[in-house]
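Please read the points below with the structure open. They go through a helix, the cores, a helix pair and one strand residue.

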Amino acid sequence: MESPPTQNITQLLVAWNHGDQDALAQLTPLVYRELHRLAHGYLAGERQGHVLQTTALVNEAFARLIDWRRVEWQNRAHFFGVSATLMRHILVQFAREQHAAKRAGERIHVSLSEAAGLSVKRTPDLVALDDALNALERLDPRQARIVELRFFGGLSLEEAAEVAQVSVSTVRREWRIAQAWLHQELSATV
Amino acid sequence: MTPERHQRIGRLFDQALEVAPEHRGAFLDQACPPEAENAGLRGEVETLLANHIDSEEFLSRPALQVAAAQLAGTEPASIEGKQFGHYEIVSMLGAGGMGHVYLATDERLGRQVALKLLPPHLLHDAEHVRRFEQEARATSALNHPNILTVYDVGVHEGTPYLVMELLEGEELRAQLQSGSTANPLPARKAIDYGRQIAAGLAAAHEKGIIHRDLKPENLFVTKDGRVKILDFGLAKLQAPRNASSDEVATQKQITSPGTLMGTVAYMSPEQVRGQELEPRSDIFSFGLILFEMLNGKRAFAGDSQVEVMHAILKDDPPELGETNARMNPALQKIVMRCLEKKPERRFHSAHDLGFALEALTSSSISLLDTGMEFSATAPAKRSKPINRERIAWLMAFALAIFAIAGWGYGWQAGNGRAEQLAFRQLNFRSEAIFQACFAPDGTTVVYSAATDGNTPQIFTVHPEFPAPQPIGARGMHLLAVSSKGELAVLLDAKYIRHRMFSGTLARMPLVGGAPREILEGVRQADWSPDGSELAIIREVEGKDRLEYPIGKVLYEVSGNMSDVRVSPKGDRIAFFEHPQKGDDRGSVNVIGLDGTRTMLTEGYWSERGLAWSPDGKEVLFSASLSGGNYMIFGVTLDGSRRIADQSPGGLILQDVATDGRWLATRIDFRYAAMVHTPATKDDRDLSWLRTSKARALSQDGQTLLFSEDSVDKNYAVCLRKTDGSPLVRLGDGTPMDLSADGKWALAIVPSKPPQLVVYPTGAGETRRLDPANIENYASAQWFRDGRSILIGGNESGRGTRYYVQDIDGGAPRAVTPEGTREGRLSPDGKLILARSSGGKFSVYSIEGGDARTVQGLTDLDVVIQWGADSRFVFAYRGSAIPCRVERVNLDTGRRELFAEMAPANRTGLLTVRPTFITDDQQSYSYTTYQQVSSLFVTENRE
């Protein structure tokens with residue numbers, strides 16, 4: 001099945017922003033599908049050493065999910081903001097499920113004779129990051145919001161500045177602080 | 001930390017970054033003067049700065065990419081929610097070099113399965129694809145309780161997949177050595193595991209499949225202690241005796257000569273040498289595993305693979321006794337025989353090996369555990385003449401004689417396939433047939449059947465004139481026909497379940513004459529060959545007894561026995577033993593006139609109908625291995641089994657004529673879980689598949705707890721709302737009760753040993769209760785407070801009784817005397833109404849004290865439950881349809897009609913069993929059983 005029209009996603013996003021939980025249920029599989037598509041591409045890229053290709057794929061995935069060109073100009077910032085929150089929600093949920101699946105995998109086991117052949121990239125744990133981000137939100141909501149926009153929403157410095165309605169240099173500065181602070185938080189808890 | 005401080009640190013961090021690194025120290029000295037309010041400030045800024053250096057790459061990739069990378073690392077196929085045939089992927093269970101395994105839902109059967117896929121990057125690797133297909137092919141050819149079951153194999157969009165049973169438990173490896181710590185298993189456990197592994201290997205070898213990679217990582221121990229052999233990825237198909245050219249080609253493809261496959265530590269000498277493997281190579285690997293289980297260490301160790309390989313080729317295995325002084329010499333011999341360097345000196349087959357271990361299990365296990373010495377060569381010196389031990393020795397003797405038994409020749413693909421039989425149908429009307437026998441003329445057939453409801457009647461029919469003629473009165477049930485033409489019948493037979501009735505045993509001539517009563521309370525019987533004596537099964541004080549002749553008890557069990565049949569020579573009796581009362585799973589047994597019992601074959605899901613072959617060398621029986629169709633099996637006295645028939649639709653064997661012809665029935669049946677609510681006129685059928693059985697309702701009458709037995713060997717506990725919304729499957733087992741708040745379901749899982757489990761109906765954790773000394777569970781009921789339960793069950797060798805157990809822990813506490821059954825707990829939690837061993841109903845106080853006999857209830861009553869005020873009970877008598885349920889006041893004995901329960905459709909309706917009534921008496925549930933049988937005789941077989 002092909003992706004539903006972007007307009008549809010936009011409506012779902014708006015509905016979700018208005019508290020419609022059914023919309024979330026419909027959006028989650030769309031994000032998951034992009035995630036899975038990316039994972040395939042990621043693997044292919046890894047094997048062939050094409051890391052740049054992966055970046056292109058990520059941008060493509062975002063474009064498919066949140067195609068800003070189709071969004072009316074005045075709604076753009078708002079729309080980016082909502083989608084970043086949504087991505088955070090869904091991706092953290094996804095990470096939680098992965099944890100649960102791993103735990104279940106320890107109990108329920110089926111024939112596996114050899115160790116996993118693929119190494120896991122050293123990546124931040126999304127669940128822990130989400131917790132740290134919540135803590136940061138209490139200390140500095142703007143920094144937390146910028147992390148949400150950039151890391152979860154995949155926005156550039158300029159796009160994040162537009163959404164957060166601050167200057168690009170502020171975003172750059174706040175991002176740098178938040179990045180170091182979160183890194184410190186996560187290193188401390190590991 | 002306050003937001004202000006956070007901002008201050010952030011500002012300083014920011015400013016420091018603008019300063020060249022070598023000047024940052026000076027900058028911070030100046031920016032954070034050592035004043036009280038600045039305590040720790042500088043340190044915090046420095047920490048943050050240190051993290052900046054570390055964090056340049058950190059968060060640089062968007063979360064979507066991070067998640068995708070994680071997914072790629074752990075789940076390359078990334079296919080949650082994806083459909084493979086009628087399987088939908090739920091989540092990942094694990095990943096390995098040879099495949100990724102997912103939890104999936106079989107949407108057709110609504111069960112959870114494990115689905116294995118080749119990782120995408122290996123899809124184009126011909127060698128891996130071949131191995132994957134090899135595993136699929138090898139494992140799916142095997143159907144054995146000790147081998148991981150493959151349900152299905154398929155290809156979806158070019159991706160091959162393998163659907164397997166979902167196991168819960170752990171690898172044997174987890175129970176053995178961890179790191180360098182030796183961790184021997186108790187001998188009893190090691191032998192039990194060994195016996196199970198040998199059984200699985202025997203089944204594989206019998207099919208011409210060699211595992212070739214047997215190791216503790218490939219052996220899985222389920223939660224209920226069953227060992228499953230996994231991973232036939234390296235398995236090899238041996239060319240069967242009459243192999244097709246395809247199979248030979250497969251064999252050639254798989255191994256290139258000299259290639260080392262498998263794990264070095266568990267390799268046989270011939271495998272190390274890269275030579276041709278054979279079944280006895282697996283036996284060597286088995287020996288290494290058995291050694292490791294008993295000893296805690298590997299027999300052949302070394303610092304490198306080369307050293308290990310050298311040891312396997314050259315070294316003698318260390319004696320088990322060196323490290324375990326309690327070790328039994330017989331066991332030592334078994335291990336050493338497996339570890340012989342030359343295959344021809346090892347056990348001839350896994351089957352033989354299994355027997356050798358079996359003999360140990362029965363004879364000496366208690367000695368192993370107490371550390372006593374026991375000589376395998378001097379059984380006569382042993383003092384306690386226990387039957388079990390004698391059986392073990394008989395088996396060992398049998399083993400010596402039948403070393404190469406025709407084990408399972410009926411199983412070989414393309415060889416000895418069950419012959420196609422020609423059948424002739426004898427009945428052409430809708431009736432439920434319970435028992436059919438040949439008359440002495442070998443042509444006329446006598447059978448008992450119910451044409452309407454469940455009252456049996458005996459009919460005769462001749463194949464040339466298929467119009468059944470009734471003989472005797474209604475309510476008479478046929479048990480057996482003697483060689484002299486005399487019938488063993490039950491008078492006033494009351495339907496119990498399956499094909500089982502209870503009534504007064506009587507003998508009656510086939511032609512003319514009245515029945516002559518012999519004994520009351522009998523279930524089944526068979527004639528001695530000369531027609532003078534009877535073997536019977538009856539229940540006495542809660543236990544099933546096999547008597548032959550009547551009055552001489554040969555065997556007694558706390559479960560059930562059924563289908564008693566005396567051998568043509570009259571020297572043995574064959575019967576089914578069902579360990580759980582009311583459950584038709586079990587084993588086929590033969591008992592001698594001296595009480596020596598041998599279990600010929602076990603592990604059947606359902607057993608119905610048994611007869612001796614005319615020469616007395618084989619017991620033919622119908623049983624189902626998987627809950628599907630009944631097949632007819634033959635098992636010889638040394639335990640060799642074959643499939644004698646597997647016609648589509650399945651047959652239940654009724655009798656075998658002296659010339660070998662069979663009489664068999666095919667049944668079409670259905671159990672249905674029904675609910676009556678005031679909202680609808682007709683009662684609702686909430687069944688899932690065809691064996692749904694109602695158990696309890698929520699007090700609002702909206703939710704039904706029921707079991708579905710067709711799904712899993714251990715059945716399924718299900719929940720469904722009366723509005724017809726999709727059902728929820730809670731887990732394995734037979735549901736027993738729903739807690740008063742509807743949040744917890746109690747279930748008995750008929751595993752070995754059985755378990756009592758509490759399932760949450762919503763959020764919450766499944767709990768398993770400690771059985772302490774309870775060997776079998778019969779029932780379980782909640783106290784209204786949801787803190788304790790009333791358990792019906794028995795301890796080893798004892799009669800059933802009731803126990804109270806706190807669900808938070810503690811051992812069950814007996815609250816009624818032995819022999820009590822059908823216990824029902826009053827809603828106030830103070831009283832238990834139960835039948836005493838004498839069969840009378842009494843009320844027992846939970847707190848103890850004398851039992852009080854009750855008014856108004858008789859032996860014939862079946863009590864469903866108490867009424868809400870703990871003063872009356874709901875009960876019914878007999879198995880009449882519709883089922884007339886009455887309220888019985890326990891003080892006055894007054895009875896009044898509550899409801900007449902029956903579904904609108906009554907075709908072939910054999911039972912209506914009320915199961916639950918809500919406190920407001922507005923809603924109730926019951927289970928119905930409907931059945932229609934066809935009767936067949938085989939044409940001349942020889």
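1. Start with helix H13 of chain B, residues 329-338, bearing in mind that the model is predicted. Four residues of this helix are buried: B:Leu331, B:Ile334, B:Val335 and B:Cys338. The four cover an arc of only 95° around the axis, which puts them on the same side of H13(B). The general rule is that an α-helix has 3.6 residues a turn, so residues three or four places apart point the same way.

2. For chain B overall, the model has 15 helices and 56 strands. Of its 942 residues, 47% are buried. Among contacts in chain B with a separation of 6 or more, 48% are between residues 24 or more positions apart.

3. The largest nonpolar core contains 151 residues. The residues with the most contacts inside this core are B:Val489, B:Ala525, B:Leu546 and B:Leu653. Strand E33 of chain B, residues 662-676, gives the largest share, 8 residues. Where does this core lie with respect to domain 4 and domain 5 of chain B? Both domain 4 (426-667) and domain 5 (670-857) give residues to the core, so it lies between them.

4. B:Ala525 is worth a look on its own. Its contacts, leaving aside neighbours within four places in sequence, are B:Leu479, B:Ala480, B:Ala488, B:Leu505, B:Leu534, B:Ala535, B:Ile536 and B:Val564. There is also a second, separate core, of 79 residues. Including B:Ala199 and B:Ala204, this second core also holds B:Met293 and B:Met309.

5. In chain A, consider helix H5 (residues 126-139) and helix H6 (residues 141-152). Their axes come within 6 Å and cross at roughly 145°. H5(A) makes the contact through A:Leu133, A:Leu136 and A:Glu137, and H6(A) through A:Pro141, A:Gln143, A:Ala144 and A:Val147. By type, the residues of the contact of H5(A) with H6(A) are 5 nonpolar, 1 polar and 1 charged.

6. Last, B:Gln425, which lies in strand E12 of chain B, residues 423-425. Is B:Gln425 buried or exposed? B:Gln425 is exposed, because it has 12 other C-beta atoms within 10 Å, and a residue counts as exposed at 12 or fewer. Not counting residues up to four places away in sequence, B:Gln425 touches B:Ser934, B:Leu935 and B:Phe936. B:Thr665 is 240 residues from B:Gln425 in sequence, yet the C-alpha to C-alpha separation of the two is 9.2 Å.

Note on methods. Residues numbered from 1 in each chain as written. Chains lettered and ligands numbered in written order. Predicted model: local features only at pLDDT ≥ 70, side-chain atom pairs only at ≥ 80, totals over all residues. Core = buried A, V, L, I, M, F, W, Y, C linked by C-beta atoms within 7 Å. Buried ≥ 20, exposed ≤ 12 C-beta atoms within 10 Å, placed from the backbone. Helix = DSSP H or I, 4+ residues; strand = E, 2+ residues; numbered from the N terminus. Domains from an automatic or database assignment. Contact = placed C-beta atoms within 7 Å. Arc of directions from axis to C-beta. Axes fitted to C-alpha atoms, helices over the stretch in contact; angles between N-to-C directions. Nonpolar A, V, L, I, M, F, W, Y, C, P; charged D, E, K, R; others polar.
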